[in-house]
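Here's a walk through one protein model, written for someone who'd rather be at the bench. Have the sequence and the 3D view open while you read.

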Amino acid sequence: MRVNLGEVSMSNFNGIKLPDPTPEVAHAIEVCTELPLLDVGDYLAGKDGALEQLAANVRAIQSSLGFSAIVNHGVDQSFIDEAEQQVKEAFHLPQDELQKYFHGEHIQGYWPANSVTNVRPGYEAEKEWKSTLAGWAVLRDREPDDPKVVKGIKHRAMNKWPDPKLLPDFKAKINRYHNAMVDLAFKLLKVYSVALGQSPDFLDEDFADSEWYGRLNYYAGSPNAEGELANTAHSDHSFITLLPMSPIPGLQVRTPRMDWIDVECVPGAIIVNGGEWLNQLSNGRFMATPHRVTEPPTERVSMPLFFDPGDEAFNDPLPGLAAEGEERKYPRKNFYEHFAGYIDAYTTPKK
Ligand SMILES: O=C(O)CCC(=O)C(=O)O
Ligand SMILES: [Fe+2]
């Protein structure tokens with residue numbers, strides 16, 4: 001599929017015209033052999049015109065490959081490295097210790113390898129599924145008196161943390177990592193808002209009570225598992241997902257040509273991809289691109305941060321994004337309904 005960049009930059013986005021994407025980005029999405037690289041340093045430094053240029057690049061990327069990698073993002077590398085180290089140590093705990101933090105009905109906490117179907121609706125036929133990855137889900141941390149905790153709302157419980165006697169720094173280092181990623185996501189929210197043809201603060205209200213979600217993924221690795229899937233093809237439920245690049249291979253992204261490319265590591269870069277919530281707000285114009293992970297040769301940790309709106313936000317197409325006479329493509333839902341439906345579908349226990 002060839003992307004018509006002229007059309008992408010001019011029409012269908014609430015009539016808001018942005019500059020052309022930079023030649024590097026235009027080339028990257030034309031050939032689709034690796035993720036387009038975006039330097040967000042000028043934008044974060046508040047340089048004149050940087051927001052508009054970045055938004056133009058994001059609009060072109062999200063209208064095609066749906067994945068990019070950002071550099072000069074300001075997240076301290078030591079926060080990432082130290083969080084990753086904590087994840088490794090947690091998954092090295094004995095099985096009977098880990099089972100104490102089993103995710104339960106809220107799907108918050110630990111889940112062992114091979115325990116869930118990990119089949120996402122729409123992807124059943126992709127390939128024999130394996131789901132060999134283990135995980136630990138950490139949602140926005142809540143206090144015991146949080147109204148949703150008190151009411152026992154599913155998926156809105158308190159997080160489970162490993163015993164501090166065993167892992168004294170886990171909670172602090174994971175929270176520090178997530179807080180830095182969420183800060184960055186809020187800065188990118190303004191870029192996405194402009195890319196969607198809105199004012200920079202148009203989405204702020206929807207995200208004021210952001211229900212972000214952190215997944216700590218652990219792949220034990222297997223040297224002989226050539227090409228087998230550990231994390232099956234899926235699109236993320238999120239608005240956007242931020243994921244520090246891993247030096248251990250495995251992540252693959254589906255291109256508009258419907259082939260799969262291996263993501264090559266750019267040390268220090270953070271992957272940004274659009275999720276299903278973004279896809280719905282744009283009435284299908286911004287991609288929630290399928291991706292998957294092959295069984296890595298060695299131990300591998302990945303820590304995606306799913307950046308989400310508040311539970312009460314709706315998936316209505318943004319102004320100007322359902323062109324006149326065009327039907328909305330997705331049934332109306334609030335974020336909570338969308339999230340609960342997604343998580344429950346793919347974490348069905350394996351029979
Ligand atoms: O492990 C990775 O690199 C990606 C993980 C992923 O796609 C996910 O957890 O949604
Ligand atoms: Fe994902």
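Asp209 is partly exposed, with 39% relative accessible area; here buried means under 20%, exposed over 50%, and partly exposed in between, using a 1.4 Å probe and protein chains only. Its side chain meets that of Arg140 in a salt bridge, 3.3 Å from N to O. Asp209 sits in the loop between α9 (204-207) and β5 (213-219) and Arg140 in the loop between β4 (134-139) and α7 (147-151), so this pair ties together parts 69 residues apart in sequence. To count as a salt bridge, a side-chain nitrogen of Lys or Arg has to be within 4 Å of a carboxyl oxygen of Asp or Glu. The helices and strands are DSSP runs numbered from the N terminus: helices are H or I with at least four residues, strands are E with at least two.

A quick word on what you're looking at. This is a predicted model, where local features need pLDDT of at least 70 and side-chain atom pairs count only at pLDDT 80 or more, while totals for chains, interfaces and linings use all residues. Residues are numbered from 1 along each chain as its sequence is written, chains are lettered from A and ligands numbered from 1 in the order written, and side-chain values use heavy atoms, with hydrogens and water left out. The chain averages a pLDDT of 91, and 91% of the residues score at least 70; pLDDT is the predictor's confidence in each residue, from 0 to 100. The model scores ipTM 0.99 and pTM 0.95.

**More on the salt bridges**

Searching the whole structure turns up 19 salt bridges. Here are three of them.

| Pair | Closest N to O |
|---|---|
| Asp209 and Arg140 | 3.3 Å |
| Asp344 and Lys154 | 3.3 Å |
| Glu211 and Arg156 | 3.9 Å |

Take Asp344 and Lys154: Asp344 belongs to helix α11 (residues 335-346) and Lys154 to the loop between α7 and α8, so their bridge ties together parts 190 residues apart in sequence. Asp344 is partly exposed at 30% relative accessibility, and Lys154 is partly exposed too, at 32%.

What about Glu211 and Arg156: buried or exposed? Glu211 has 1% relative accessibility and counts as buried, and Arg156, at 0%, is buried as well. Glu211 lies in the loop between α9 and β5 and Arg156 in the loop between α7 and α8, so they tie together parts 55 residues apart in sequence.

Some of these pairs also belong to a wider group: Arg140, Arg142, Asp146, Lys148, Arg156, Asp209, Glu211, Asp311 and Glu312 are linked in a network of salt bridges.

**The iron site**

Which residues coordinate the iron ion (ligand 2)? They are His234 (NE2), Asp236 (OD) and His291 (NE2), at 2.1 to 2.2 Å. Donors are N, O and S atoms within 2.8 Å of the metal (3.2 Å for Na, K and Ca), and since water is not among the atoms, sites may look incomplete. Along the chain the donors follow the spacing H-x1-D-x54-H. His234 and Asp236 are both buried.

UniProt, in an unreviewed entry, places the feature "domain: Fe2OG dioxygenase" at residues 209-309; such annotations may be inferred rather than shown by experiment. The end C-alpha atoms of residues 209-309 lie 7 Å apart, and the span is 6% helix and 40% strand.

**The nonpolar core**

A nonpolar core here is a set of buried Ala, Val, Leu, Ile, Met, Phe, Trp, Tyr and Cys residues joined through side-chain atoms within 4.5 Å. The largest one has 78 residues, of which Tyr213, Phe239, Ile240, Leu242 and Phe307 touch the most other members. Helix α8 (residues 170-195) brings the largest share of this core, 14 residues. A second, separate core of 18 residues includes Leu35, Ala69, Ala230 and Ala269.

Phe307 is worth clicking on. Leaving out residues up to four places away in sequence, Phe307 touches Val182, Ala185, Phe186, Leu189, Phe207, Ser210, Trp212, Ser238, Phe239 and Ile240, where contact means heavy atoms within 4.5 Å.

**Two backbone oddments**

Asn72 has a positive phi of about 55° although it is not a glycine, and it is found in the loop between β2 (67-71) and α5 (77-91). Ile107, also not a glycine, has a positive phi near 55°. Ile107 is in the loop between α6 (95-98) and β3 (109-111) and is buried, with a relative accessible area of 8%.
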